[in-house]
Amino acid sequence: MLSATLCLLLLGGTSDETFMTWEPAAVTVDQLPATIGTKLSAQELSSIASGQPVLPYHEARAGVRTEDGTLLVATEGGLCVLRPGAERWCLVHSRRWLPSDDVQDVAVDREAGVWVKTAAGLGHLARRSTTLDEKMAEINAAIQQHHLRDGQVGDISVKEPGNLDAGYFQHSSDNDGLWTSIYVAAEAFRYGATGDETARDNAWKSLQAMMFMEDLTGIPGFVARSFVPISDDPKRYGGEWYKSADGKWWWKGDTSSDELDGHYFAYAVYYDCAATEEQKKIIRGYVQRITDHLLDHGYYYVGPPGKPTTWGVFAPEKLNHDLKWIADRGLNSLEILSHLKVAEHIVGGERYTKALEELDQQHAYPINTVLQKMTWPPEEVNHSDDELAFLAYYPLVLYEHDPELRKLYMASLHRSFEIERPEHSPLFNYIYAAGRQTDSWKDPGKRPPEAFVDPASYDHDLCVEWFREVPRDTFDWKVRNSKRRDLGVLSVNRFDRARMQFVLPIAERRVMRWNGDPYELDAGGDGRSRDDGAFIVLPYWMGRYHRFLD
């Protein structure tokens, strides 16, 4: 009856397997259609409201039981859906799905579409047939059409909530390099998996924008956070801004370790999966300059006016001997080891190998990585760091072949993955699986001939379910879960925001990048911002490339 976006648990499946999905559709009538199935009586609704599993909201206003036993119940907080045998109700809510969360009645039409009467009018969720490849193609088309600014990929601000046609603007952000790298890697993986030249072209154009971030600064190896034309006013974006030597651009400084993570990740993936020989030569130059900059400055990232940036710190005297940096010891150790390994792989030469040996033998950086994921105290649990860590893990575990170092790195990756596993992230799952895959697959320059990994060793089926459930609509709609009765004991995160004890399905919570807290109960905005969606296509094409989705 209902799709993954409306609570059907879909296990297994392949990229070209057709499945049914329900999406918001235009409403041209002024009343609910006649419903198929059975309307629930007042007595049945009362029993549901007081029974098990716990209904998310207490007042069951109206409901339908479909032929297969699925229950759809209208409540003040959304449409509640319970499949036969399910342990919990799913909640369809927020402007992403409904005109209003205040649902007063529900019906199911003969095409198995779902209709709701809400305080803001009628809503219609229509049935649609699609495949995962088709879904990803639509998301990618939206990125190309709406989310590119001089090759940089990022979110956009729209003039009217949820309405692209009313006009929009793509602003600069602190992490344009990082967000662009996510898309570069996604399209590089797509080329590696399919051979589609359009994917390689898309990735190369955005990778050139990342290269331009180094060209603009005039400091060999130092990349900008972002850049905008000289006609723009950079003050509205905050931060440090400098004029390019040719006077045509503003570029943003105080570049962080976040940005370096993105640059090395994108260069590594593109180099292995998509680069021509000529492109490889170009990439080598950028990787060499960035890495030499770090080594020449004693593991500090130094920008204008000749001082290390706020977060560009990888030096042993800080990470190992300064208590102010203890919370960053594991992650920053992991990052610099990964960066050096990428340089060793792409550029070659003894300098990077000797630096890796020094950080291992004299400063114990590989051991530092084992406990990189902070779990205590609560204010140090940082989901943004999780994204950075996994992007750094990916090339490190692919390129490291020393058996003793691999044991340490895989122990670190395994610990981090098990902590993150309840979040059901396909990106974290596939990076973990890729690490295990390298026990059998030793050539990162070629696509693996098979998966080599037991699907039971990671959450294979939950990844497929996530891809089917994740909305195409990436507008930042407000999602409220804090008043639900079915979420159990609550806590707060490092921003003092309420969080639940488990992660809800992606269709029931805010759509966010991998640096967000998926446990947050209330999040999102008024639909005036739209995420680029690269966080969706990256794990998908990574999974396809590594044959985890074949």
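**A hairpin, an open sheet, two cores and a pocket**

Strands β17 (residues 300-303) and β18 (residues 307-313) pair up in the antiparallel sense, with three bridges between them. This is a predicted model, and the hairpin is a handy place to start reading it. V302 finds its bridge partner in β18 at P308. Three residues sit between the two strands of the hairpin, and G306 takes a positive phi there, near 85°.

Elsewhere, five strands make up an open sheet, laid out in the order β2-β3-β4-β5-β6 with antiparallel pairing. The edges belong to β2 (38-39) and β6 (90-92); each has a single partner strand, so one side of each goes without a neighbour in the sheet. For β2, two bridges tie the strand to β3 (residues 62-65), and the two run antiparallel. T38 is matched with R65 of β3 as its bridge partner.

Turning to the interior, the largest nonpolar core takes in 118 residues, and the members that touch the most others are F189, L207, Y270 and I283. Apart from this core lies another, of 18 residues, with A62, V64, L79 and L98 among them. As for Y270, its contacts beyond four places in sequence are V184, A188, R200, A203, W204, L207, A275, Q279 and I283. Two of these partners, L207 and I283, are also listed with Y270 among the core members that touch the most others. In soluble globular proteins, nonpolar side chains tend to be buried together.

M542 gives another view of the interior. This methionine belongs to helix α15 (residues 534-545). Its relative accessible area is 0%, so M542 counts as buried. Setting aside neighbours within four places in sequence, M542 is in contact with F189, F265, Y394, L427, Y430 and I431. F189 in that list is one of the residues touching the most other members of the largest nonpolar core. There is also a long jump in sequence here: M542 and A185 are 357 residues apart along the chain, yet 8.3 Å separates their C-alpha atoms.

Then there is the open space. The largest pocket comes in at a volume of about 690 Å³. It is lined by 34 residues, of which E23, P24, R96, D473 and F475 are the closest to the centre. Several elements chip in to the lining: β1 (19-25), β9 (121-130), α2 (132-146) and β19 (475-480) each supply at least two residues. By character, the lining splits into 16 nonpolar, eight polar and 10 charged residues.

Technical notes
Residues numbered from 1 in each chain as written. Predicted model: local features only at pLDDT ≥ 70, side-chain atom pairs only at ≥ 80, totals over all residues. Heavy atoms only, no water. Core = buried A, V, L, I, M, F, W, Y, C linked by side-chain atoms within 4.5 Å. Buried < 20%, exposed > 50% of the residue type's maximum accessible area, 1.4 Å probe, protein only. Contact = heavy atoms within 4.5 Å. Pairing = 2+ DSSP bridges. Helix = DSSP H or I, 4+ residues; strand = E, 2+ residues; numbered from the N terminus. 1 Å grid on protein atoms, 1.4 Å probe; cavity = no way out; pocket = protein on both sides within 12 Å on 5 of 7 lines; lining within 4 Å. Points joined across faces, edges and corners; volume = space filled by probe spheres on them. Nonpolar A, V, L, I, M, F, W, Y, C, P; charged D, E, K, R; others polar.
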